[in-house]
Amino acid sequence: MGLLDGKTALIFGLANERSIAWGITQAFHREGAKLGISYAGEIFKRRVLPLAEKVNCNWVEECDVTSDEQITAVAKKAGKDFKGIDVLVHSIAFAGREELDGPYYNTSREGFKQAMDISVYSFVALARAFQPILNPGASLMCLTYYGSVKVAPHYNVMGVAKAALESSTRYLAYDFGPQKIRVNAISAGPIRTLAAAGIGGFRDMYKHFAEISPMRENVTSDDVGNAAVFLASDLSTRITGEVLYIDSGFNIMGVQMVSSES
Ligand code: NAP
């Protein structure tokens with residue numbers, strides 16, 4: 001018996017086996033979900049198809065979330081191929097590399113718009129497009145990071161985008177509540193992925209995190225996958241509009257000290 005038996009889950013944002021979306025996909029598969037996967041560009045299809053095969057998923061659709069047409073098309077296809085959707089995961093973010101280094105005040109107008117469009121608005125657009133085919137009790141979730149509430153040097157416009165994403169999560173939770181559909185965010189600690197590689201100083205941040213988080217360890221995509229199973233399952237039925245931290249406790253720290261006992 002899996003926690004997600006009988007549920008259909010769509011995952012947006014799988015790029016490769018290091019993606020957080022892959023940790024989530026594997027955990028959903030383990031728990032018995034029927035899966036659909038969406039990826040961004042043609043060049044990533046090559047990487048995504050073999051991964052999809054590993055989890056017996058033959059529903060693999062391209063969707064660049066900057067395109068309303070592609071979002072509409074993927075929702076239409078899902079409506080045709082599945083008997084309603086129970087879980088939708090948004091694991092997508094983008095900001096130009098030049099925006100993720102140096103002072104935040106250097107953020108360009110175009111860079112700001114692009115980060116907001118791909119990393120925030122796309123969650124709203126996906127929620128709207130899929131609304132007609134979401135089953136009662138469905139669960140939507142997105143991925144965020146602590147740089148939304150506190151300054152994480154270099155994270156810059158992405159921190160501002162994550163703040164907007166978390167706020168969007170609350171507004172969507174309010175809108176979807178009457179349909180008994182839940183909307184939550186998972187705030188993950190740093191994980192070495194393709195997207196993370198573009199953030200200035202990421203390696204130092206990653207190391208620092210393991211030294212000062214209460215549990216003295218980094219988190220993995222598998223940890224995030226397990227939390228996503230909880231949010232996707234009926235175990236979290238009355239939880240909506242929340243930001244769930246999967247971060248070895250890092251966010252509770254006020255004063256940060258490297259402990260000699262660790
Ligand atoms: P990732 O593997 O690089 O995933 C990012 C995904 O966003 C990729 O699949 C990427 O597709 C997709 N994407 C970018 N532009 C897109 C577009 N226009 N349309 C559709 N998809 C697009 O990195 P990740 O770290 O797993 O990131 C997943 C989520 O977790 C992001 O929201 C990220 O901010 C969040 N997060 C990451 C960390 C971390 O430390 N890694 C921590 C907390 C939260 P392409 O690569 O094909 O463009």
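## A walk through the pockets and a helix pair

Start with the second largest pocket: its lining divides into 10 nonpolar, seven polar and two charged residues. Keep in mind as you click around that this is a predicted model. The second largest pocket has a volume of about 320 Å³. To get to the middle of it, select Val151, Ala152, Pro153, Met205 and Phe250, which are the closest to its centre among the 19 residues that line it.

**Next stop: the largest cavity.** Leave Phe250 selected, since it also belongs to the lining of the largest cavity. Now add Tyr145, Tyr146, Ser187, Ala188, Gly189, Pro190, Phe209, Tyr245 and Asp247, and you have the lining on screen. How much space lies in there? About 50 Å³. Colour the lining by class and you'll get seven nonpolar residues, two polar and one charged. Don't go hunting for others: the count comes to one cavity of 30 Å³ or more.

**Now the largest pocket.** This one holds about 1200 Å³ of space. Select Ser91, Ile92, Ala93, Phe94 and Ala195 to land in the right place; of the 46 lining residues, these lie nearest the centre of the largest pocket. Several elements give two or more residues to this lining: α1, β2 (34-39), α4 (109-130), β5 (134-144), α5 (156-176), α6 (194-197) and α7 (202-212). Which of them gives the most? Pick α6, with four residues. By class, the lining of the largest pocket has 30 nonpolar, 13 polar and three charged residues.

**Last stop: α1 against α8.** You've just met α1 as one of the elements lining the largest pocket. Show it as residues 20-30, and bring up helix α8 as residues 221-232. The two pack with their axes 7 Å apart, at an angle of about 55 degrees. That angle makes α1 oblique to α8. Turn the view until one helix sits in front of the other, and check the handedness: α1 passes α8 in a right-handed crossing.

Switch on side chains to see who meets whom. On the α1 side, select Ile20, Gly23, Ile24, Gln26, Ala27, Phe28 and Arg30. Facing them from α8 are Ser221, Asp222, Val224, Gly225, Asn226, Ala228, Val229 and Ala232. What classes make up this contact? Eight of its residues are nonpolar, five are polar and two are charged.

Methods
Residues numbered from 1 in each chain as written. Predicted model: local features only at pLDDT ≥ 70, side-chain atom pairs only at ≥ 80, totals over all residues. Heavy atoms only, no water. 1 Å grid on protein atoms, 1.4 Å probe; cavity = no way out; pocket = protein on both sides within 12 Å on 5 of 7 lines; lining within 4 Å. Points joined across faces, edges and corners; volume = space filled by probe spheres on them. Nonpolar A, V, L, I, M, F, W, Y, C, P; charged D, E, K, R; others polar. Axes fitted to C-alpha atoms, helices over the stretch in contact; angles between N-to-C directions. Parallel < 35°, antiparallel > 145°, perpendicular 65-115°, else oblique. Left-handed = near helix turned anticlockwise from the far one by under 90°. Contact = heavy atoms within 4.5 Å.
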